[in-house]
Structures are given as C-alpha cells and as structure tokens.
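Welcome! Take a moment to turn the model around on your screen, and then read through the points below with it in view.

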Amino acid sequence: MASITVNGNRLNIDGLSSDTPLLWVLRDHLGLTGTKYGCGISECGVCTVHLDGEAIQSCVTTLGEVGDGEVTTIEGLSKDGSHPVQKAWREHNVPQCGYCQVGQMMMAAAMLRSNNDPTDEDIESEMWNICRCGTYPRIRAAIKSAAKEMQSK
C-alpha cells in the first residue's frame, strides 16, 4: 500500500502499482476530477498539478515518483476559489471551452510563487500550456492581475 499527501491530506492508496500515473490516482481513485487528461505525454499541460509547489504533469508522473511529496490539485489551490489566480480568471473571463483552464491556472499559480511580477516574456516562456481556443491574451491579463493582488498582500 502506498500513501501520498494530496491537498494537505495523507491518503492511503491500495491496489495500485508504483508506476500508475498520478493523474489516474487523482481522478479514478481519489475522485479529484478537476485535473484533466489531455495528451498523455506531457505536451499540452492540461493535467498540471503541483508537487511540493512546483508544476508537474500528472500524466507522466508516477505514484512512485510522488513519494513523500505533497500534491496540490485545483481542488486544493483554495477551498473557496479565492486564490488570486482563480479570482483573476473569473475577473478576466478567461475560459472559453474551459478544458485547459485548470492546467493553466495551476501553471500560473506555480509561476507566481517564484515570480510575482512576471513580464510578458516570462509569461510566454513559463506558460507553455496549449489552449485550443486561443485565450492567451486573457490568460496573460489574468496572470498580471493575480500578480498585482499577490504583491499587495
């Protein structure tokens, strides 16, 4: 039996091998369906979660690789949607189809943790997630709004 910490809770995971992708642990075994499946090869960023505060792609990260690290999903970013990134996404009406947006928000939150005043170039280099709807200008605006809120705290 493996155990992992997800959104602050230490959970026992029974019956899975250590090479099970974290994405399936989260979605199928823990019922945390906010994290989405995209490409399955770490090319699109839809499945982005945090491992010890760093953005990772849960489709290519195994249960064994998580080890004693702490996983944060969109459900754990804030309990009430009050994280500055979540608020900024609503403020700028970022989602169009919405499928990629959870991964986008998780990537943005991780970036803002280490850089709370990103330039356009920083955002373009860090935010490599794919959005088929092309909401990139709204994503950039939302990240800058979230950064301002985080700077004011």
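**Two domains and a pocket**

In this predicted model, the C-alpha centres of domain 1 and domain 2 lie 21 Å apart. The contact between them takes 18 residues from domain 1 and 14 residues from domain 2. If you want to find the two parts along the protein chain, look for domain 1 at 2-77 and domain 2 at 84-152.

**Where the domains meet**

- About 1400 Å² of area is buried between domain 1 and domain 2, and carbon and sulfur atoms give 67% of that area.
- Three residues are worth picking out here: V46, I74 and L77 supply 33% of the area that domain 1 buries against domain 2, more than any other three residues.
- How many residue pairs are in polar contact across the interface of domain 1 and domain 2? There are five such pairs.
- Salt bridges across this interface, by contrast, number zero.

**The largest pocket**

- The largest pocket holds about 190 Å³ of space.
- You can trace its lining through G38, C39, C44, V46, C97, Y99, C100, I130, C131, R132 and C133.
- What kinds of residues make up the lining of the largest pocket? Nine are nonpolar, one is polar and one is charged.
- Both domains take part in the lining of the largest pocket, with at least three residues from each of domain 1 and domain 2.
- Look again at V46: this residue lines the largest pocket, and V46 is also one of the three residues named above for the area domain 1 buries against domain 2.

Notes
Residues numbered from 1 in each chain as written. Predicted model: local features only at pLDDT ≥ 70, side-chain atom pairs only at ≥ 80, totals over all residues. Heavy atoms only, no water. 1 Å grid on protein atoms, 1.4 Å probe; cavity = no way out; pocket = protein on both sides within 12 Å on 5 of 7 lines; lining within 4 Å. Points joined across faces, edges and corners; volume = space filled by probe spheres on them. Nonpolar A, V, L, I, M, F, W, Y, C, P; charged D, E, K, R; others polar. Domains from an automatic or database assignment. Contact = heavy atoms within 4.5 Å. Buried area = accessible area lost by both parts, 1.4 Å probe. Salt bridge = Lys/Arg side-chain N within 4 Å of Asp/Glu carboxyl O. Polar contact = N/O pair within 3.5 Å; in protein donor to acceptor, adjacent residues only side chain to side chain.
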